[in-house]
Amino acid sequence: MAAPLVGIIMGSTSDWETMRHAAAVLDELDVAHETRVVSAHRTPDRLYDYARGAADRGLKVVIAGAGGAAHLPGMAAAMTHLPVLGVPVESKALKGQDSLLSIVQMPGGIPVGTLAIGKAGAINAGLLAAAILALSDAALSQRLQDWRARQTDSVAIDPQ
Ligand code: RP5
């Protein structure tokens with residue numbers, strides 16, 4: 001199996017239902033990736049080790065999803081120079097608005113590319129990670145363009 005280029009991390013196993021959509025897109029595009037539960041609050045040492053070691057292990061992009069007080073993407077971004085894409089997971093109490101604001105309002109100097117709340121954000125994080133990698137991978141660029149063309153072709157013109 002190819003070494004993973006994208007690391008998909010999430011704060012809890014309960015985030016998988018959302019984050020699996022990022023993994024699915026990367027599967028469709030044949031982008032090697034790994035998935036891990038890494039909680040900023042419950043497993044801070046695991047987060048430190050993951051983020052500090054990510055670049056040396058060959059990862060190129062990190063996708064981080066979390067809900068509620070969603071500190072995972074920002075803390076990961078603080079500890080790696082790799083691009084970090086943040087996915088706000090929909091929380092029960094506040095429908096993910098808490099997650100979104102926790103992820104998007106980063107201080108200048110430590111960017112997190114923040115996506116939409118929930119499934120759409122996870123899908124788009126996968127696509128953005130692929131687009132970043134495609135800048136230096138012509139075959140992946142073609143697969144991504146083909147994926148988008150198939151999506152366009154699949155949109156019905158008749159709503160009924
Ligand atoms: C966050 O708390 C996780 O990212 C998850 O979205 C949320 C709830 O976690 P669980 O209580 O379901 O494990 O850290």
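Trainee: Before we look around the ligand, when is a residue near a molecule?
Mentor: A residue counts as near a molecule if its C-beta atom, placed from the backbone, lies within 6 Å of it. Keep in mind that this is a predicted model.

Trainee: Okay, so which residues are around the ligand here?
Mentor: Around the ligand you find Gly11, Ser12, Ser14, Asp15, Ser39, His41, Ala66, Gly67, Gly68 and Val89.

Trainee: And how many of the shell residues are nonpolar, polar or charged?
Mentor: Seven are polar, two are nonpolar and one is charged.

Trainee: Where does serine 12 sit?
Mentor: Serine 12 is in the loop between strand S1 and helix H1, which covers 16-28. UniProt, in an unreviewed entry, also places a "binding site" feature at Ser12, Asp15 and Arg42. Those positions are spread over 31 residues of sequence, yet they cluster in space, with a largest C-alpha distance of 14.3 Å.

Trainee: Does UniProt say anything broader? What domain is placed at residues 4-155?
Mentor: The unreviewed entry has "domain: PurE" there. In the model, the span of residues 4-155 is 46% helix and 16% strand, and its end C-alpha atoms lie 32 Å apart.

Trainee: Switching to the strands: what order do they take in the sheet?
Mentor: The order is S2-S1-S3-S4-S5, five strands in an open sheet with parallel pairing. At the edges are S2 (33-37) and S5 (113-114), each of which pairs on one side only.

Trainee: What holds paired strands together, in general?
Mentor: Strands of a sheet pair through backbone hydrogen bonds, in either a parallel or an antiparallel way.

Trainee: How many bridges do S3 and S4 have?
Mentor: Six bridges, in the parallel sense, join S3 (residues 61-67) and S4 (residues 84-89). For one pair you can find in the model, look at alanine 64, whose bridge partner in S4 is glycine 86.

Trainee: Which strands does helix H5 lie across?
Mentor: H5 (residues 119-134) lies across S1 (6-10), S3, S4 and S5, and it runs at about 175° to S4.

Trainee: Last one: how confident is the predictor?
Mentor: The protein averages a pLDDT of 98, and 100% of the residues score at least 70. For the complex, the predictor gives an ipTM of 0.97 and a pTM of 0.98.

Key:
Residues numbered from 1 in each chain as written. Predicted model: local features only at pLDDT ≥ 70, side-chain atom pairs only at ≥ 80, totals over all residues. Nonpolar A, V, L, I, M, F, W, Y, C, P; charged D, E, K, R; others polar. pLDDT = per-residue confidence, 0-100. Pairing = 2+ DSSP bridges. Helix = DSSP H or I, 4+ residues; strand = E, 2+ residues; numbered from the N terminus. Contact = placed C-beta atoms within 7 Å. Axes fitted to C-alpha atoms, helices over the stretch in contact; angles between N-to-C directions. UniProt positions renumbered as here; feature names shortened; annotations may be inferred.
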